[in-house]
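Colleague: I would like to learn how to read a protein model, step by step. Could you walk me through one?

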Amino acid sequence: MIKEIKNNHLYWDGCDTVELAENYGTPLYVISQTAIENECRALQKDFIKKYDNVHVAYASKAFNNLAMLKIIEKEGLGIDVVSGGELYTAIQAQFPAEHIEFNGNNKSDEELAIAIDYGVGRIIVDGSQELDRIGEICRKKEKKANILFRITPEVDVATHQFISTGQKDSKFGLPLDEEFLFPILQQAITMPEVDFYGIHFHIGSQLFDNTTHLKAAKVALELAVRIKEKFDYEIKELNYGGGFGVRYTQDDQRQSYAYFLDPLMALTEDFCEKNGLKRPAIAIEPGRSIVAEAGITLHTIGSIKTLPHIRKYAAIDGGMTDNVRPGLYQAIYTGMVANKADQPLEETVTISGKACESTDILMKDLQVPLIASGDIFTTFTTGAYGYAMANNYNKLAIPAVVLVNKGQADIIVKRQTYAQIIQNERIPDSLK
Ligand code: LLP
């Protein structure tokens, strides 16, 4: 059990959250190592050990730091990175190069050069210019890159439009139009600097229905057949992306990995058999599902105010700076008062952040025990895209991250200091 209630306090992976708040201060991200390991082991059981020639690249954008990458490596998963910064973190964590996949719709020459020097396992190419640039860099360095092309499979998914990525008009991926796509594929097949591995898609995030992955997989498989017909070339790998939804509220009915992956694998194997294709390696790239539910955020309640006949606001010492998702996607979260965990829910409050922005509301009309300044407020399911999207708006400091594991707590990211916030600022001589 990751979440427990003992002595009126919320415990997370064996640690008293009220004590954590006291020891490390708030806001504080608390991440359960056990919960992450459980997710990785579920992927091992339902995918990696169940099927031949498959692998998982954790989409590290969800939560990327040295300790997390160590956990992922230990659990036998690869990673996906999308920037020089994420790649740098992976290199510093000594993450095995061959298990790194490099995604992104605008990789710079500098980023590509670092990736190629380090020898990343795959580069997911997102445009024809990028292919030319990879060719040039590899030629100069006398290296070869394994590439996949990201395509837009033209499926509309049931999620917030801001996190849909597989529709026809998307900044990500290459369109299916053969007149456009095939010359690029032909170039990749014939270029000595790259090994054309296959096709990649990622259709969106926080998905609960498996049908869109299935539709997109069919599109990718049909493309594999067309590639074989046209170029007498069999692709070696298909990457079906991530997007598996997690539970933020009771309305989110989280599905197992098997729910998504069994039909996907069945469809793939069946399609390949019927169409005379050797079944390619299958990769997936889950991010959120591996870490979201492992994480909570602790805040201290500060100012409380009641607007007569309207609502009561309880303000926390963070907000959109440590969790931008409610403001950006109208994301709904649940929470509780960690130091009053056994107490009856007696009032309704709206939890507001402290940033100067009206959308900085964490939760509306939440049932809580009688709330007071100094209470420790917990938000659940903040492990993915919480710390990862933290920002310094209003010059609020990026919170610390503590990793908890069966009663043991370790800081894995220190709290940012005010001095660090302004460390790159300079006063020109003309203003001195
Ligand atoms: N692969 C690619 C190429 C992606 O772009 C993404 C997410 C993933 C894998 C992982 O998707 P996941 O399994 O985490 O759903 N900031 C947004 C989510 C943006 C996701 C972007 N791409 C949020 O907080 O909801």
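**Reading the ligand site and the helix packing**

Modeller: Happily! Keep in mind that this is a predicted model. Let us begin at the ligand, where 20 residues surround it and Ser205, Gly242, Gly287, Arg288 and Tyr385 come nearest.

Colleague: How many residues of the shell around the ligand are nonpolar, polar and charged?

Modeller: The shell divides into 7 nonpolar, 9 polar and 4 charged residues. You can also look at which elements contribute: helix H10 (288–291) and helix H11 (325–329) each supply at least two residues of the shell.

Colleague: Which domains does the shell around the ligand draw on?

Modeller: The domain assignment of the protein chain gives domain 1 (3–30 + 293–421) and domain 2 (64–286). The shell takes at least three residues from each of domain 1 and domain 2.

Colleague: What separates the centres of domain 1 and domain 2, and how many residues does each give to the contact?

Modeller: Their centres, taken over C-alpha atoms, are 34 Å apart. In the contact, 13 residues come from domain 1 and 10 residues from domain 2. On the side of domain 1 that touches domain 2, H11, strand E19 (400–405) and strand E20 (408–413) each supply at least two residues. That side has 10 nonpolar, 2 polar and 1 charged residues. Notice that H11 turns up twice, since H11 also supplies at least two residues of the shell around the ligand.

Colleague: Now the helices, please. How do I describe two that pack together?

Modeller: Two packed helices are described by the angle between their axes and the distance between the axes. Try helix H5 (residues 109–118) and helix H6 (residues 128–141): their angle is about 50°, and their axes are 10 Å apart.

Colleague: Which word describes how H5 and H6 lie to each other?

Modeller: With that angle, H5 and H6 are therefore oblique to each other. H5 passes H6 in a right-handed crossing. In H5, Asp109, Leu112, Ala113, Ile116 and Asp117 take part, meeting Arg133, Ile134, Ile137, Cys138 and Lys141 in H6. This contact has 6 nonpolar, no polar and 4 charged residues.

Colleague: At what angle do helix H2 and helix H9 pack?

Modeller: Helix H2 (residues 33–48) and helix H9 (residues 257–274) pack at about 25°, with their axes 10 Å apart. Angles under 35 degrees count as roughly parallel, and that makes H2 roughly parallel to H9. The crossing of H2 with H9 is right-handed. Here Ala42, Leu43, Asp46 and Phe47 in H2 meet Tyr257, Ala258 and Leu261 in H9. By class, there are 6 nonpolar, no polar and 1 charged residues in this contact.

Colleague: Which residues of H8 and H9 meet?

Modeller: From H8 come His213, Leu214, Ala217, Lys218 and Leu221, and they meet Phe260, Pro263, Leu264, Leu267, Thr268 and Phe271 in H9. The contact holds 8 nonpolar, 2 polar and 1 charged residues. H8 and H9 pack at an angle of about 25°, with axes 10 Å apart, and are therefore roughly parallel to each other. Their crossing is right-handed.

Colleague: And what can the backbone tell me in the loops?

Modeller: Look at the torsion angles. Asp232, in the loop between helix H8 (211–231) and strand E11 (237–239), has a positive phi of about 55° although it is not a glycine.

Colleague: Where is Pro27, and what kind of peptide bond joins Thr26 and Pro27?

Modeller: Pro27 sits in the loop between helix H1 (17–24) and strand E4 (28–32). The bond joining Thr26 and Pro27 is a cis peptide bond, with omega about -5°.

Notes. Residues numbered from 1 in each chain as written. Predicted model: local features only at pLDDT ≥ 70, side-chain atom pairs only at ≥ 80, totals over all residues. Axes fitted to C-alpha atoms, helices over the stretch in contact; angles between N-to-C directions. Helix = DSSP H or I, 4+ residues; strand = E, 2+ residues; numbered from the N terminus. Parallel < 35°, antiparallel > 145°, perpendicular 65-115°, else oblique. Left-handed = near helix turned anticlockwise from the far one by under 90°. Contact = placed C-beta atoms within 7 Å. Nonpolar A, V, L, I, M, F, W, Y, C, P; charged D, E, K, R; others polar. Near = placed C-beta within 6 Å. Domains from an automatic or database assignment.
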